[in-house]
Amino acid sequence: MIIDCHIHLLPRQVKVDRTEFVIKDKAFGSLFSSAKAKVVSPEEIINYLDGSGIDKAIVFGFPWADYEIASKNNDEIWDFYERYPDRIVPFATFSVLQPELAYKESSRTLSGGFAGLGELAMYRNGWGAADFQALRPCLDLAQHHGVPVMIHVNEPVGHDYPGKVFVDIKALFETISDFQDIDFILAHFGGGFFIYSLMPEIGPKMKRVYVDTAAAPFLYDNRIFSLAVQSLGEDKVLLGTDFPLLGISRYERMLDQANIQGELRAKILGGNVQTILNRRHLQKINDAI
Ligand SMILES: [Zn+2]
């Protein structure tokens, strides 16, 4: 089973005309003012999955600063899931700029059945300690519902690009450490954060930390896969393409070049994320009993 854990679907209105959104939401503007930044429809996502042999995808929107737009985006993700329940796994995203509204939106979506939170991102000013603090009540909810949480974490060094932000790594670790029952998926190989799992006092607290591969072809050479596997373990690396930014073929090429085949490849391409999603399913059954 091939599962892409990182696909963005923006509101229909944004696909029709993004001008107003680019002006109103500075974070969105920084990423999407260029027409080269693609926005796709649900149908285009299904076509991509079909054309690439991908069975399922985790799909989420954008962390809009305006909660009405964020809610609308989450609602459209839910509609998409309802139309393709076997193909689409819905995650809810929002900004934590207004913590009470973030809590309200996470509560609304998780009670409604969303399978996770993410990709949570602070594209404008980055993730400071106060932002991770503001996220905590939402994490309490995620823990209660037994769902994974995906956080956008990028590398602190190297070339600049839209969406590359400061991340307070210490605060990130403290957050992870305080919520050890949550499966955290750190997008973009967690900006290299996984390396700290090799520290004896840190590793045991990162047992449920995963990384996804999103944007890796733009960021790393092929060795990143085996380094992440060596640091975190074979069960911890998840295929995420960031579609429509990139499709799966670029990642498959990296896996080929890194000579990652067989069981490990199957785990990265879907087995690992399937285990996370099944865990939630099992919890739901247990809760029902
Ligand atoms: Zn991201």
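User: Is Ile260 buried or exposed?
Analyst: This is a predicted model, where local features need pLDDT of at least 70, side-chain atom pairs count only at pLDDT 80 or more, and totals for chains, interfaces and linings use all residues. Residues are numbered from 1 along each chain as its sequence is written. A residue is buried if 20 or more other C-beta atoms, placed from the backbone, lie within 10 Å of its own, exposed if 12 or fewer, and partly exposed in between. Ile260 has 20 other C-beta atoms within 10 Å, so Ile260 is buried.

User: Where is Ile260 found?
Analyst: Helices (H or I, at least four residues) and strands (E, at least two) are DSSP runs, numbered from the N terminus. Ile260 lies in the loop between helix H11 (248-257) and helix H12 (262-288).

User: Which residues does Ile260 touch, not counting residues up to four places away in sequence?
Analyst: Contact requires C-beta atoms, placed from the backbone, within 7 Å. With residues up to four places away in sequence left out, Ile260 touches Phe225, Leu255, Arg265 and Ile268.

User: What separates the C-alpha atoms of Ile260 and Ser226?
Analyst: Along the chain, Ile260 and Ser226 are 34 residues apart. In space, their C-alpha atoms are separated by 8.2 Å.

User: Does Asn259 count as buried or exposed?
Analyst: Asn259 is also found in the loop between H11 and H12. Its phi is near 55 degrees, a positive value in a residue other than glycine. Most residues other than glycine have a negative phi. Asn259 has 10 C-beta neighbours inside 10 Å, so it counts as exposed.

User: What is the phi of Asp242?
Analyst: Asp242 sits in the loop between E8 and H11. Asp242 is buried, with 23 other C-beta atoms within 10 Å. Its phi is positive, in a residue other than glycine, and is near 70 degrees.

User: Which residue follows Phe243 across a cis peptide bond?
Analyst: Most peptide bonds are trans. The bond that starts at Phe243 is cis, with omega near 10 degrees. The residue it leads to is in the loop between strand E8 (237-238) and H11. That residue is Pro244.

User: What is omega for the peptide bond from Gly118 to Glu119?
Analyst: Glu119 is found in strand E4 (residues 116-120). The bond from Gly118 to Glu119 is cis, and its omega is near -15 degrees.

User: Are H7 and H8 roughly parallel or roughly antiparallel?
Analyst: Axes are lines fitted to C-alpha atoms, for helices over the stretch in contact, and angles run from 0 to 180 degrees between N-to-C directions. Helix H7 (residues 129-145) and helix H8 (residues 169-178) have axes 8 Å apart, at an angle of about 20 degrees. Angles under 35 degrees count as roughly parallel, over 145 as roughly antiparallel, 65 to 115 as roughly perpendicular and the rest as oblique. H7 and H8 are therefore roughly parallel.

User: How many nonpolar residues are in the contact of H7 with H8?
Analyst: Ala129, Phe132 and Leu135 of H7 and Ala171, Leu172 and Thr175 of H8 make the contact. Ala, Val, Leu, Ile, Met, Phe, Trp, Tyr, Cys and Pro count as nonpolar, Asp, Glu, Lys and Arg as charged, and the others, Gly among them, as polar. The contact of H7 with H8 has no charged residues, 1 polar and 5 nonpolar.

User: Is the crossing of H6 and H7 left-handed or right-handed?
Analyst: Helix H6 (residues 99-111) packs on H7 at about 15 degrees, with the axes 8 Å apart. A crossing is left-handed if the near helix is turned anticlockwise from the far one by less than a right angle, and right-handed if clockwise. The crossing of H6 and H7 is right-handed.

User: How many charged residues are in the contact of H5 with H6?
Analyst: The axes of helix H5 (residues 67-83) and H6 come within 11 Å and cross at roughly 15 degrees. Tyr67, Ala70, Ser71 and Asn74 of H5 meet Leu101, Glu105 and Thr109 of H6. By class, that contact has 3 nonpolar, 3 polar and, among charged residues, 1.

User: What share of the 289 residues of the chain counts as buried?
Analyst: The chain holds 12 helices and 8 strands. Of its 289 residues, the share that counts as buried is 44%.

How values were computed. Two residues are in contact if their C-beta atoms, placed from the backbone, lie within 7 Å.
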